[in-house]
Amino acid sequence: MTIKRIAIATVGYGGLEDSVSSEFGYSKTFTIVDVGDGVVRDVRVIDNPAGAMTHGRGPVVAKRLSDMGVNIVISGELGLGASAILQEMGISRIIVKSGMKVIDVLKEKGFIK
C-alpha cells in the first residue's frame, strides 16, 4: 500500500469537515491527511508555521511541509514563489475552489472513495 501525505490549507481546526483556505501562506491551519488505498488513514491539523510572519510565508510553510513528508499540497491559491519552491521539493500542487470541505476535495480529486 502506498500512503500519500496531503496538506490542505484550511481556515480552522475542523479536520475533514474544515474549509479550504483561499490563500496558502496566509491560511490559519493545514490539515494533514494520510491516504492509502482510497481510505483516510490519519488526519491531523497543524497551525500555519509561518502564521506570525508578515512576509516570506510561502517558503517557510513549504519547508515545514516537506520536512513532514508531504507529497501533495491543496489550496485555494498558491503564489508563484511558494509554487516554485514546492515544485523544487517534489511536492505536487493542486488548486481548488476555496471554501470547499476537505473531505469533498479528497473525494473529488480521487484520493478517497
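Before you click anything, one term: a residue is buried when its relative accessible area is under 20%, exposed when over 50%, and partly exposed in between, using a 1.4 Å probe and protein chains only. What you have open is a predicted model, in which local features need pLDDT of at least 70 and side-chain atom pairs count only at pLDDT 80 or more, while totals for chains, interfaces and linings use all residues. Numbering starts from 1 along each chain as its sequence is written, and side-chain values use heavy atoms, with hydrogens and water left out.

**Stop 1: Thr29.** Select Thr29, which sits in strand E2. Helices (H or I, at least four residues) and strands (E, at least two) are DSSP runs, numbered from the N terminus. Is Thr29 buried or exposed? Thr29 counts as buried because its relative accessible area is 0%. Now show its side chain together with that of Thr10: the two make a polar contact at 2.7 Å. That term means a pair of N or O atoms within 3.5 Å; within protein, one must be able to donate a hydrogen and the other to accept it, and residues adjacent in sequence count only if both atoms are side-chain atoms. Then bring up the residues in contact, meaning heavy atoms within 4.5 Å. Leaving aside residues up to four places away in sequence, the neighbours of Thr29 include Ile8, Val11, Tyr13, Asp18, Val45 and Asn48.

**Stop 2: the E2–E3 hairpin.** Stay with E2 (residues 29-36) and add E3 (residues 39-47): the strands run antiparallel and are joined by eight bridges. Strands count as paired if DSSP finds at least two bridges between them. Pick Thr31 and you'll find its bridge partner in E3, Val45. Two residues lie between the strands of this hairpin. Click Asp37 in that loop: its phi is near 55°, a positive value in a residue other than glycine.

**Stop 3: Gly90.** From Gly36, jump to Gly90; they are 54 residues apart along the chain, and their C-alpha atoms are separated by 19 Å. Gly90 belongs to the loop between helix H2 (80-88) and strand E5 (92-95). Gly90 counts as exposed because its relative accessibility is 57%.

**Stop 4: Ser75.** Next, go to Ser75 in strand E4 (residues 72-75). With 0% relative accessibility, Ser75 is buried. A polar atom of its side chain lies 3.4 Å from the backbone nitrogen of Phe24. Other residues that Ser75 touches include Ala9, Val20, Glu23 and Ile94.

**Stop 5: helix H1.** Which residues of H1 are buried? Select Arg57, Gly58, Val61, Ala62 and Leu65. They lie on the same side of H1 because they cover an arc of only 125° around the axis, taken from the directions from the helix axis to the C-beta atoms. Their cover includes E1, E2, E3, E4 and H2. Just after H1 comes Gly69, with a positive phi near 85°.

**Stop 6: the nonpolar cores.** A nonpolar core here is a set of buried Ala, Val, Leu, Ile, Met, Phe, Trp, Tyr and Cys residues joined through side-chain atoms within 4.5 Å. The largest has 17 residues, and those with the most contacts inside it are Phe24, Phe30, Ile32, Leu65, Val70, Val73 and Leu86. Strand E1 (3-10), E2, helix H1 (57-67) and H2 each supply at least two of its residues, and H1 gives the largest share, three. Finish with a second, separate core of 15 residues, including Ile6, Val20, Ile72 and Val102.
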